[in-house]
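Me: Hi! I have a fold open here and would like to talk through a few local details with you. Can you take a look?

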Amino acid sequence: DSLENALATAESMMENGKSGEVATLVRQRLLSTMPEAPRPAYLLCEALIQQGDFEVADLTARKFMRRNSASHHALYLVAMFHFFRDGKLDKPVDLLKGLLKGRERELKEIKEGKEKNKLIKKGSAHVETPSLYIKCNRLLQDIVKIDTLKKAADYNHLRKRYKDALGSINKALSQCEGFSPASTAQIRSTLLCSRAGIYINLEQYTNAKNDLDSAINLKNNYLK
């Protein structure tokens with residue numbers, strides 16, 4: 001019971017964005033007593049991704065996926081890696097849409113409080129919970145907003161509507177503020193590079209240089 005309570009506490013903290021506290025709790029309390037259990041490994045991996053610690057998150061994910069590669073939690077982690085670590089937009093959108101396909105009624109029931117946040121397959125290797133699909137839906141909406149704004153910026157940039165392009169890319173960068181700075185370094189560096197190109201066309205060269213410097217500071221191997 002105490003371990004179940006600790007897991008429930010960790011999941012609740014994750015919902016409230018306390019990834020650092022979750023990582024500490026899982027490491028100190030859960031992994032030592034439940035080294036092969038999927039839920040602690042999954043929670044730790046999710047917390048590490050949100051903190052931007054992708055190297056350790058990748059090692060943790062490999063351990064989790066050895067026995068749970070077909071679970072929806074595993075696919076959610078893959079989507080998170082694509083977006084946060086790699087700065088991709090299309091791949092995580094496709095994955096998240098696949099996870100949410102046919103779950104519109106379930107999502108509605110969760111939002112209305114008719115479905116409790118409990119294990120769907122308790123005791124099995126697959127640890128799907130209703131809250132997973134809420135997280136999938138939330139992340140999907142955020143990524144789609146960023147993707148839509150970036151595409152609008154690119155569209156207007158190509159048509160020399162630079163002020164409109166600047167407005168869209170600024171909104172895309174603002175959308176990233178809902179995540180930790182470390183976790184979105186890759187996508188923000190991409191957006192900053194795009195904004196620098198817009199600034200160059202607006203002959204705002206100091207702003208362009210500042211954005212390029214910021215992009216390099218975020219990802220020092222960013223060649224573009």
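Me: Let's start with arginine 39: is it buried or exposed?

Reply: Arginine 39 is buried, because its relative accessible area is 12%; buried means under 20% relative accessible area, exposed over 50%, and partly exposed in between (1.4 Å probe, protein chains only). Keep in mind that this is a predicted model, where local features need pLDDT of at least 70, side-chain atom pairs count only at pLDDT 80 or more, and totals for chains, interfaces and linings use all residues. Residues are numbered from 1 along each chain as its sequence is written, and side-chain values use heavy atoms, with hydrogens and water left out.

Me: Thanks. Which side chain does arginine 39 meet in a salt bridge?

Reply: That would be glutamate 11, at 3.1 Å from N to O. A salt bridge here is a side-chain nitrogen of Lys or Arg within 4 Å of a carboxyl oxygen of Asp or Glu. The pair links distant parts of the chain, 28 residues apart, with arginine 39 in helix H3 (residues 38-51) and glutamate 11 in helix H1 (residues 2-15). Helices (H or I, at least four residues) and strands (E, at least two) are DSSP runs, numbered from the N terminus. Glutamate 11 is partly exposed, as its relative accessible area is 22%.

Me: Nice. At what angle do H1 and H3 pack?

Reply: About 25 degrees, with their axes 11 Å apart. That makes H1 roughly parallel to H3, since angles under 35 degrees count as roughly parallel, over 145 as roughly antiparallel, 65 to 115 as roughly perpendicular and the rest as oblique. The axes are lines fitted to C-alpha atoms, for helices over the stretch in contact, and the angles run from 0 to 180 degrees between N-to-C directions.

Me: And which residues meet there?

Reply: From H1 you have Glu4, Leu7, Ala10, Glu11 and Met14, and they meet Arg39, Pro40, Leu43, Glu46, Ala47 and Gln50 in H3. Contact means heavy atoms within 4.5 Å. The residues of this contact divide into six nonpolar, one polar and four charged. For that split, Ala, Val, Leu, Ile, Met, Phe, Trp, Tyr, Cys and Pro count as nonpolar, Asp, Glu, Lys and Arg as charged, and the others, Gly among them, as polar.

Me: Back to charges. How many salt bridges does the count come to?

Reply: Twelve. One of them joins lysine 209 and aspartate 213, whose closest N and O atoms are 2.7 Å apart. Both lie in helix H11, four residues apart, about one turn of the helix. Lysine 209 counts as exposed because its relative accessibility is 51%, while aspartate 213, at 30%, counts as partly exposed.

Me: Which residues are linked in a network of salt bridges?

Reply: Asp58, Arg62, Arg85 and Asp86. Within that group, the side chains of arginine 85 and aspartate 86 meet at 2.9 Å, N to O. Arginine 85 is partly exposed at 31% relative accessibility, and aspartate 86 is partly exposed too, with a relative accessible area of 27%.

Me: New topic: backbone. What is the phi of lysine 160?

Reply: Positive, about 60 degrees, although lysine 160 is not a glycine. Most residues other than glycine have a negative phi. Lysine 160 sits in the loop between helix H8 (130-158) and helix H9 (162-175), and counts as exposed because its relative accessibility is 63%.

Me: And where is glutamate 203?

Reply: In the loop between helix H10 (185-201) and helix H11 (205-218). Glutamate 203 also has a positive phi of about 60 degrees without being a glycine, and at 60% relative accessibility it counts as exposed.
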